[in-house]
Amino acid sequence: KDRPRERPKPLHNEKVKTTSLLLKLCESIYSTGKVVILDSGFYVRDAIINLRKKGVFTSALIKKQHYWPKRVDGEGIKNYMSIKEVGSAHCLFGEKDGVKVDVFALKEPNYVMLLMSTYGSSITKDEQTILHLQNDGTSIEFQYTEVFSNHYDYRDAVDLDNNKHHDGGSKH
């Protein structure tokens with residue numbers, strides 16, 4: 001409707017626009033086994049599944065918008081994690097259309113973070129130890145699991161790169 005009739009229809013002509021966009025953006029890395037880190041604005045379970053079928057692994061932050069994503073008991077997970085120590089991680093294993101799709105939960109000081117991912121495990125692979133100082137003066141040391149480590153390491157990569165280009169690459 002917003003393209004000339006003469007132009008061919010897009011290859012990824014699906015109902016879900018986010019899925020189409022992600023598939024189009026990731027075409028150049030199909031079948032590479034690379035990982036794409038997605039913010040909650042790009043979370044669409046079908047996109048994650050379709051990318052995995054095309055050889056691209058993903059991890060996406062999931063949040064309750066008006067409701068939790070289908071088949072994710074977000075409130076139940078948050079309640080379960082609420083009594084855990086800061087740094088505790090938990091994984092709920094799942095599968096959809098023959099694709100492994102897991103939900104990872106991490107207890108942060110003030111909230112529980114949830115990621116849906118087609119890769120990773122609950123084994124810590126991050127060499128960096130996180131030191132969280134509690135209100136009572138004590139501290140907790142822990143290491144992020146692979147999925148959370150990647151999320152924190154790469155979630156801002158596009159924004160940082162764009163900012164570098166917008167400021168002309170100058171260093172102040």
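Modeller: One definition before we start: an angle between two elements runs from 0 to 180 degrees between their N-to-C directions, with axes fitted to C-alpha atoms. And keep in mind that this is a predicted model.

Biologist: Fair enough. How many helices and strands are in the protein chain?

Modeller: Reading from the N terminus, the elements go α-β-α-β-α-β-β-β-β-β-β-β-α-α. Counted up, that gives five helices and nine strands.

Biologist: How much of the protein chain is made up of buried residues?

Modeller: To count as buried, a residue needs a relative accessible area under 20%. The chain has 172 residues, and the buried share is 36%.

Biologist: Now the open sheet. What is the order of its strands?

Modeller: The sheet has five strands and its pairing is mixed. Strands S1 (35-38) and S3 (89-92) each pair on one side only, which puts them at the edges. From one strand to the next the twist averages 20 degrees. Read across, the order is S1-S2-S7-S6-S3.

Biologist: Take the S3 edge. Which residue in S6 is the bridge partner of Cys91?

Modeller: S3 pairs with S6 (residues 102-107) through four bridges, in the antiparallel sense. Within S6, the partner of Cys91 is Phe104.

Biologist: Ala89 is on that edge strand too. Is Ala89 buried, exposed or partly exposed?

Modeller: Ala89 sits in S3. Setting aside residues up to four places away in sequence, Ala89 touches Met81, Ala105, Leu106 and Thr145. Its relative accessible area is 37%, and the in-between class runs from 20% to 50%, so Ala89 is partly exposed.

Biologist: On to helix H2. At about what angle does H2 run to S2?

Modeller: H2 covers residues 45-53. The helix lies across both S2 and S7. Relative to S2, H2 runs at about 165 degrees.

Biologist: Which residues of H2 are buried?

Modeller: Their cover includes helix H1 (17-25) together with strands S2 (57-61), S4 (95-96), S5 (99-100) and S7 (112-117). The buried residues themselves are Arg45, Ala47, Ile48, Ile49 and Leu51.

Biologist: H1 is part of that cover. Are H1 and H2 roughly parallel or roughly antiparallel to each other?

Modeller: Their axes are 8 Å apart and the packing angle is about 30 degrees. Angles under 35 degrees count as roughly parallel. H1 and H2 are therefore roughly parallel.

Biologist: And which residues make the contact between H1 and H2?

Modeller: H1 passes H2 in a right-handed crossing. H1 brings Thr19, Leu22 and Leu23 to the contact, and H2 brings Asp46, Ala47, Asn50 and Leu51.

Biologist: How do the residues of that contact divide by type?

Modeller: Leu and Ala count as nonpolar, Asp as charged. Sorted that way, the contact of H1 with H2 comes to four nonpolar, two polar and one charged.

Biologist: His151 caught my eye. Is His151 buried or exposed?

Modeller: His151 belongs to helix H4 (residues 146-154). Leaving out neighbours within four places in sequence, His151 is in contact with Ile37, Leu61, Met113 and Leu115. Its relative accessibility is 3%, which means His151 is buried.

Biologist: What about the backbone? In which loop does Ser31 lie?

Modeller: Most residues other than glycine have a negative phi. Ser31 is not a glycine, yet its phi is positive, about 65 degrees. With a relative accessible area of 67%, Ser31 is exposed. Its place is the loop between H1 and S1.

Biologist: Where is the place of Arg71?

Modeller: Arg71 is another non-glycine residue with a positive phi, near 65 degrees. At 69% relative accessible area, Arg71 is exposed. Arg71 is in the loop between S2 and helix H3 (74-82).

Biologist: Last stop, the hairpin of S8 and S9. What is the phi of Gly137 in its turn?

Modeller: S8 (residues 130-133) and S9 run antiparallel, joined by four bridges. Five residues lie between the two strands. The phi of Gly137 is positive, about 95 degrees.

Biologist: And which side chains of S9 are buried?

Modeller: Side chains alternate along S9 (residues 139-142). Ser139 and Glu141 point to one face and are not buried. Pointing to the other face, and buried, are Ile140 and Phe142.

Definitions and conventions
Residues numbered from 1 in each chain as written. Predicted model: local features only at pLDDT ≥ 70, side-chain atom pairs only at ≥ 80, totals over all residues. Heavy atoms only, no water. Buried < 20%, exposed > 50% of the residue type's maximum accessible area, 1.4 Å probe, protein only. Contact = heavy atoms within 4.5 Å. Pairing = 2+ DSSP bridges. Parallel < 35°, antiparallel > 145°, perpendicular 65-115°, else oblique. Left-handed = near helix turned anticlockwise from the far one by under 90°.
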